[in-house]
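Q: I have a structure in front of me and would like to learn how to read it, one feature at a time. Could we begin with the cysteines and then move on to the strands and the surface?

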Amino acid sequence: MDLESLENKKVKEWTKLLNKKYRDEQNRFIVEGMNLVNEAYQNGYLEELIIEKGKVLPLDVTTYYVTHEIMKKITSLDNPPTVIGICKKIEEKELGNKILVLDNIQDPGNLGTIIRSACAFNVDTIILSENSVDLYNPKVIRATQGMIFNLNIVEKDLSSFIPLLKAQEYKIYGTDVNGGVNVKSVKEYGKHCIIMGNEGNGISDNIKRLCDKFIYITMNEKCESLNVGVAASIILYEMVN
């Protein structure tokens, strides 16, 4: 189907998906560029394909051919891609044995990096606190480089959900640069949950009280802390199984 008007109803609907409120209402989000579109398609999340006229991408999904001006209107990028996908949100699956909890992560790039590392190091589920950056923020989506489609990622109220994990016999590990044990000494092969905290303040006090044990990364004393995306990657690597 060809679309040329910026006032077309479909174009207006797509543009609204740049807003979190509308993403939540419609349970849909945008992916931009060939790599993300292909990942969404391969994992069954792509619902509509938007292609700039003159380009071809033979995927078995409802496809719209649009002008460059329409691409500029619906993209979050300075330089519009030639391919955009409209996806349904990630479906909630079983938790699995290895869970990563993110408490009030605010930077989209950090969240994207953590998602990529979680996929690389065999995490089954990521649980986002309700006050974290939106999973479907376009910057988060790009930073995941498509790995968002390969994980179970859910949003929960941590203060009520972590006790449910404890009741299911998950061991809860908090991260704290000032205490606990060296992550290298932990070889956890059972049901466990690792909590990473906010970029500036770490894990919230009420969530800390729910932890069974604390872990830290040994490093040069001249370095006070690591970026949360880097720290999460190291910890997941050390505890990979």
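A: Let us begin with disulfides, keeping in mind that this is a predicted model. A disulfide is counted when two cysteine sulfur atoms lie within 2.5 Å, and by this rule the count here comes to zero disulfides.

Q: Why is cysteine 87 not in a bond with another cysteine?

A: The general idea is to find the closest cysteine sulfur and compare its distance with the cut-off of 2.5 Å. For cysteine 87 the closest cysteine sulfur belongs to cysteine 119, and because the two sulfurs are 16 Å apart, they are too far from each other for a bond. Starting from cysteine 119 leads back to cysteine 87, again at 16 Å and too far for a bond.

Q: Are these residues buried or exposed?

A: Here we look at relative accessible area, where buried means under 20% and exposed means over 50%, with partly exposed in between. Cysteine 87 has a relative accessibility of 0% and therefore counts as buried, whereas cysteine 119, with a relative accessible area of 23%, is partly exposed.

Q: Which strand does β3 pair with in the antiparallel sense, and which in the parallel sense?

A: To read a pairing, we look for the bridges between two strands and for the sense in which the strands run. Strand β3 (residues 46–52) pairs with strand β5 (residues 83–88) in the antiparallel sense over five bridges, and in this pairing leucine 46 stands opposite cysteine 87. With strand β4 (residues 62–66), β3 pairs in the parallel sense, over five bridges, and there glutamate 52 stands opposite valine 66. Six of the seven residues of β3 are buried, so this strand is largely enclosed by the rest of the structure.

Q: What lies on the path of the chain from β7 to β8?

A: We first check how the two strands pair, and then follow the chain from one to the other. Strand β7 (residues 125–129) and strand β8 (residues 152–156) pair in the parallel sense over five bridges, and the bridge partner of serine 129 is lysine 156 in β8. The chain crosses from β7 through helix α6 (residues 138–144) to β8, making a β-α-β crossover that is right-handed.

Q: Which residues make the nonpolar surface patch?

A: For such a patch we look for nonpolar side chains on the surface. Met219, Leu226 and Val230 make a patch of about 210 Å². Of these, methionine 219 lies in the loop between β12 (213–216) and α9 (228–238), and its relative accessibility of 33% means that methionine 219 counts as partly exposed.

Conventions. Residues numbered from 1 in each chain as written. Predicted model: local features only at pLDDT ≥ 70, side-chain atom pairs only at ≥ 80, totals over all residues. Heavy atoms only, no water. Buried < 20%, exposed > 50% of the residue type's maximum accessible area, 1.4 Å probe, protein only. Pairing = 2+ DSSP bridges. Helix = DSSP H or I, 4+ residues; strand = E, 2+ residues; numbered from the N terminus. Right-handed = clockwise from strand over helix to strand, strands pointing away. Patch = residues over 30% accessible without salt bridge, like charges linked within 9 Å, V, L, I, M, F, W, Y side chains within 5 Å. Areas by Shrake-Rupley, 256 points an atom, 1.4 Å probe, with all protein chains shown as cover. Salt bridge = Lys/Arg side-chain N within 4 Å of Asp/Glu carboxyl O.
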